[in-house]
Amino acid sequence: MYGIADLRARLVCAAALCFVCGVLELVQIEVGLVDNFSTLIGEARAGAGAAGVAAIVDPAFEGDRILRLAAARGWRIAAVLVTHGHDDHVEAVAEVAAATGAAVYAHPLEVARLRELCGERGVPGERVIAVADGQEISIGGDRVQAIFAPGHAPGCVCWFVPSAPALCTGDVLFVGSCGSASDPIAYVDTLQRRIAALPEMTRIYPGHDYGETPTSTLAWELSANPALLAMSVAEFCTYKGISPPRAGR
Ligand SMILES: [Fe+2]
C-alpha cells in the first residue's frame, strides 16, 4: 500500500524527472521537510517482474519510503553514495544500509562519523568505505564515478554517471545557485576546474529542491548560475556575500 508521499514521488517521476539514460536510470525523490532530494540510480532493464541493482545517493530522510520505491521498481539497493556528511543528507543512511546490506561509499573525511551512525543500527564499520577521487563504483553493468568536490564542506563528493551523463551534486551545486562556502578557494576550483569540465549535456541532480526546476543541465547552469559565472574567488565571494580569504592563503 502506498501513501500520498509515495504517490507524489511516482507522479514526480512521471512528470519527466525519471530519465532512462543508457544502462542506468535516475529517479529523484523529494524527502523530509527541508526540500532534500535523494536520487536512485538503477538498472534501466529492471521493472515489473525484473530484478536489478541500484545505488541511492544521499538517503537523507524517509528511508522506509526510499526502500519501498526501490522495491517497486525491482531494484535491490547495493550501494549508498554519500555526497557529504551534513545531517540533512545522512539521516537515513544507516536505516537503508541496515535494511539492504548495501555498502556505504563516502569521502575519507566523512567515514569515521558515518561508521558511528551506521554502528547505531548494527551495520559493521567495514561496510562504510572511503572512496578515492575518480574511483568508480559498479552498478550492475554500468558505473558511477566519485568526483571530489571540496568547498561547501571539505569532504564533498559529486557522483558522476558517465553513460547518462548525469551528476548528483549534493549541496555543491543547486539549480541556479550553490551551497554555503566553507572554503571559497576550494569551491571555485571545484566549480571551474572539475564541474565545468564535464560534458555540457550532463543533467544536474542537486541535493535540494531550491531552483525553479528540480533538475537542469550543466549547459544551463554554465549560462545562468551565478556560482559558475563567478570566474574568480573575489567574484564568487561577492556573489555569496562573504568576505574573501585573506592574502597568503
Ligand atoms: Fe551541506
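**A loop, a sheet and two helices**

Gln135 sits in the loop that links strand 7 (128-130) to strand 8 (136-139). The model here is a predicted one, and this loop residue makes a handy place to start looking around. Is Gln135 buried, exposed or partly exposed? Its C-beta has 16 neighbours inside 10 Å, so Gln135 counts as partly exposed; a residue needs 20 or more such neighbours to be called buried, and 12 or fewer to be called exposed. Gln135 can also be placed relative to Phe148: the two are 13 residues apart in sequence, and their C-alpha atoms are 9.8 Å apart in space.

Next comes strand 8 itself. Strands of a sheet pair through backbone hydrogen bonds, and they can do so either parallel or antiparallel. Strand 8 and strand 9 (residues 142-148) take the antiparallel option, with 4 bridges joining them. Looking across the pair, Ile137 stands opposite Val144 of strand 9, while Ile139 faces Asp142 of strand 9. The two strands form a hairpin with 2 residues between them, and in this hairpin Gly140 takes a positive phi near 60°.

Zooming out, strand 8 and strand 9 belong to an open sheet of 6 strands, arranged in the order 8-9-10-11-12-13 with mixed pairing. Which strands lie at the edges of the sheet? Those are strand 8 and strand 13 (216-217), each of which pairs on one side only.

Now for the helices, beginning with helix 6 (residues 184-195). Its buried residues are Pro184, Tyr187, Val188, Thr190, Leu191 and Ile195. They span an arc of only 155° around the axis, which puts them on the same side of helix 6. The cover over these residues includes strand 10 (157-161), helix 8 (226-229) and helix 9 (233-240).

Helix 9 deserves a second look. Two packed helices are described by the angle between their axes and the distance between the axes. For helix 6 and helix 9, the angle is about 105° and the axes are 9 Å apart. The two helices are therefore roughly perpendicular to each other. On the helix 6 side, the contact is made by Pro184, Ile185, Tyr187 and Val188; helix 9 brings in Val233, Phe236 and Cys237. Sorted by class, this contact has 7 nonpolar residues, with no polar and no charged ones.

Helix 4 (residues 93-100) is another story worth telling. Of its 8 residues, 6 are buried, so helix 4 is largely enclosed by the rest of the structure. The buried ones are Val93, Ala94, Glu95, Val96, Ala97 and Thr100. What does the covering of helix 4 include? Among the strands there are strand 4 (52-57), strand 5 (75-81) and strand 6 (103-106), and among the helices there are helix 2 (63-72), helix 3 (87-90) and helix 5 (111-119). Just past the end of helix 4, Gly101 takes a positive phi of about 80°.

Finally, the whole chain. The protein chain has 9 helices and 13 strands, and buried residues make up 49% of its 249 residues. Taking contacts between residues at least 6 apart in sequence, 61% join residues at least 24 apart.

Terms used: Residues numbered from 1 in each chain as written. Predicted model: local features only at pLDDT ≥ 70, side-chain atom pairs only at ≥ 80, totals over all residues. Arc of directions from axis to C-beta. Contact = placed C-beta atoms within 7 Å. Axes fitted to C-alpha atoms, helices over the stretch in contact; angles between N-to-C directions. Parallel < 35°, antiparallel > 145°, perpendicular 65-115°, else oblique. Nonpolar A, V, L, I, M, F, W, Y, C, P; charged D, E, K, R; others polar. Pairing = 2+ DSSP bridges.
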